[in-house]
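Colleague: Please take me closely through one part of this model, with what packs around it and how it sits in the whole. I would like every term spelled out, since I work at the bench.

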Amino acid sequence: MKRPDFIELFARHRGDIPTITGPGLMTRELFAVTGDGDTVLYNMEMPYATPMCMGLAMARPQQRIVALEGDGSLIMALGVLTTIARYHPENLTLIVLDNESYSTFGADMVSATATGVDLAAVARGCGIEKVVTVTTLDQAEQVMGPALKEPGPWVIVAKVDSQSEPDPRFVRNSPDVTEQSLDFSRMLRRSNGQ
Amino acid sequence: MSANAKTDSPTQSRPATKRASHFRYDVAGSFVDSLKTNGVTYSVLLPDSVLHPINELLLADADVQTVVCSREDEGIAIAVGAGWGGRRSAISMEGSAIGMSGLILARAVIQRSPTLIIASHSSVLGEKFGYHAATRAVTQPVLDALRIPYHVLRDPEEIPHVIKQIIRTMEGQKTPVAILVPPFILVSD
């Protein structure tokens with residue numbers, strides 16, 4: 001599965017769901033698809049997209065919150081899976097794009113998932129029950145709707161190609177972090193938890 | 001979820017555990033009351049030998065949603081996220097949290113996220129154990145480097161005033177602010 005195709009699929013289902021992404025090429029591709037809106041906060045430092053989304057989800061139990069991470073980011077913060085399992089925020093969806101590499105630096109820079117670490121199994125082992133691994137766009141299409149609407153917490157591990165070359169839709173984004181964060185914060189205040 | 005799955009509820013109070021006599025629960029009570037008076041409704045903690053009575057009271061208080069995190073930098077990110085969700089949040093951890101959390105604290109500063117950090121085991125007077133040496137060495141220097149305002153608590157009587165002013169500072173300046181708690185504040189000799 002091509003990462004940009006998965007990103008497009010996710011963006012189509014996402015609507016305006018507040019989303020925080022980790023760093024990497026997926027962030028640039030989501031920016032290329034979604035644009036400079038205020039409902040996505042791009043490029044959160046590794047490994048803080050997921051715990052930040054967890055706090056947000058707990059504070060906003062009526063609102064779906066999505067964290068978009070790479071496998072490298074999540075490996076850096078596996079402990080948060082135990083915290084998610086412990087407090088079970090039903091409105092949190094964690095999507096992990098697992099390309100088995102730190103692909104910003106080339107496909108040869110493999111991550112631990114290339115050597116057999118199964119992030120879905122780790123999530124299940126922590127006690128999270130709604131964990132799905134998808135390897136094709138058809139599988140992703142089937143699971144994305146429920147994972148963004150039905151009670152979770154959800155963890156989707158999307159196995160994508162280790163694609164480090166720029167995609168044709170690629171736009172290098174470099175929004176100001178403070179400005180973007182304040183925009184995201186204002187959007188959350190306006191949405192008032194709905 | 002399956003019938004045998006266990007989840008923790010941060011929205012319900014739970015019975016306090018057996019209280020150790022060397023802790024000053026009256027002071028801890030004043031601390032938690034001041035947090036609540038000043039609008040703190042969400043807290044994150046990792047157990048700590050000095051802050052234990054505060055943590056115990058937070059976990060037992062139904063008015064404050066309290067999460068026990070797996071590591072301190074994760075906890076700060078959780079608290080920052082809760083702040084974005086409209087909750088006034090506090091983090092209670094030992095000073096090693098500050099050392100572990102330079103990056104997420106920098107992020108909180110840059111994105112202007114008000115968050116109250118309660119930390120023990122800094123280089124203030126009264127720390128006596130060698131095994132806290134690295135923790136002591138890291139707390140204030142990281143706060144100084146990131147220009148995060150902080151106050152060293154010196155007298156239990158000042159707790160209501162200090163917490164009020166800390167909340168005013170963090171909300172007014174949109175920044176994390178730390179309160180450093182020496183052992184003698186919460187632990188009897």
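Modeller: What follows begins with helix α8 of chain A and then widens to its surroundings.

This is a predicted model, in which local features need pLDDT of at least 70 and side-chain atom pairs count only at pLDDT 80 or more, while totals for chains, interfaces and linings use all residues. Residues are numbered from 1 along each chain as its sequence is written, and chains are lettered from A and ligands numbered from 1 in the order in which they are written.

Helix α8 of chain A runs over residues 177-191 (helices, H or I of at least four residues, and strands, E of at least two, are DSSP runs numbered from the N terminus). From the first C-alpha to the last, the 15 residues of α8(A) reach 21 Å, close to the 21 Å expected at 1.5 Å a residue (the expected span is 1.5 Å times one less than the number of residues). Its buried residues are S181(A), F184(A) and L188(A), where buried means that 20 or more other C-beta atoms, placed from the backbone, lie within 10 Å of the residue's own, exposed means 12 or fewer, and partly exposed is in between. Seen down the axis, these buried residues fall within an arc of 60°, so they line one face of α8(A) (the arc is that of the directions from the helix axis to the C-beta atoms). An α-helix has 3.6 residues a turn, so residues three or four places apart point the same way. On the face turned away from the buried side, α8(A) carries the exposed residues T178(A), E179(A), R186(A), R189(A) and R190(A). After the helix comes N192(A), whose phi is positive, near 55°.

What covers the buried residues of α8(A) includes β2 (40-41) of chain A together with α3 of chain B, contact being counted when the C-beta atoms of two residues, placed from the backbone, lie within 7 Å. This leads to the interface, where 29 residues of chain B are in contact with 27 residues of chain A. On the side of chain B that touches chain A, the elements giving two or more residues are β2 (65-68), α3 (72-84) and α5 (102-110) of chain B, and α3(B) gives the most, with 8 residues. That side divides into 15 nonpolar, 8 polar and 6 charged residues (Ala, Val, Leu, Ile, Met, Phe, Trp, Tyr, Cys and Pro count as nonpolar, Asp, Glu, Lys and Arg as charged, and the others, Gly among them, as polar).

For a second helix to set beside α8(A), take α1 of chain A, residues 3-14: at 1.5 Å a residue its 12 residues should span 16 Å, and its end C-alpha atoms are 16 Å apart, which agrees. The buried residues of α1(A) are R3(A), P4(A), F6(A), I7(A), F10(A) and R14(A); they cover an arc of only 155° around the axis, which puts them on the same side of α1(A). The elements that cover them include β1 (19-21), α2 (25-34), β3 (65-70), β4 (92-98), α7 (137-149) and β6 (154-159) of chain A. G15(A), with a positive phi near 60°, follows α1(A).

The largest nonpolar core has 111 residues, and those with the most contacts inside it are C53(A), V96(A), A158(A), I118(B) and V181(B); a core here is a set of buried Ala, Val, Leu, Ile, Met, Phe, Trp, Tyr and Cys residues joined through C-beta atoms within 7 Å. Helix α3 (residues 49-59) of chain A gives the most to this core, with 8 residues. Leaving aside residues up to four places away in sequence, V96(A) touches E69(A), D71(A), L74(A), L119(A), V155(A), I156(A), V157(A) and A158(A).

As for the chain that holds α8(A), chain A has 8 helices and 6 strands, in the order α-β-α-β-α-β-α-α-β-α-β-α-β-α along the sequence. Its radius of gyration is 15 Å, close to the 16 Å that the globule rule gives for 194 residues, so chain A is as compact as a globular protein of that length (the radius is taken over C-alpha atoms, and the rule is 2.2 Å times the number of residues to the power 0.38). The C-alpha trace of chain A spans about 45 × 35 × 30 Å along its principal axes, and 48% of the 194 residues count as buried. Among contacts in chain A between residues at least 6 apart in sequence, 75% join residues at least 24 apart.
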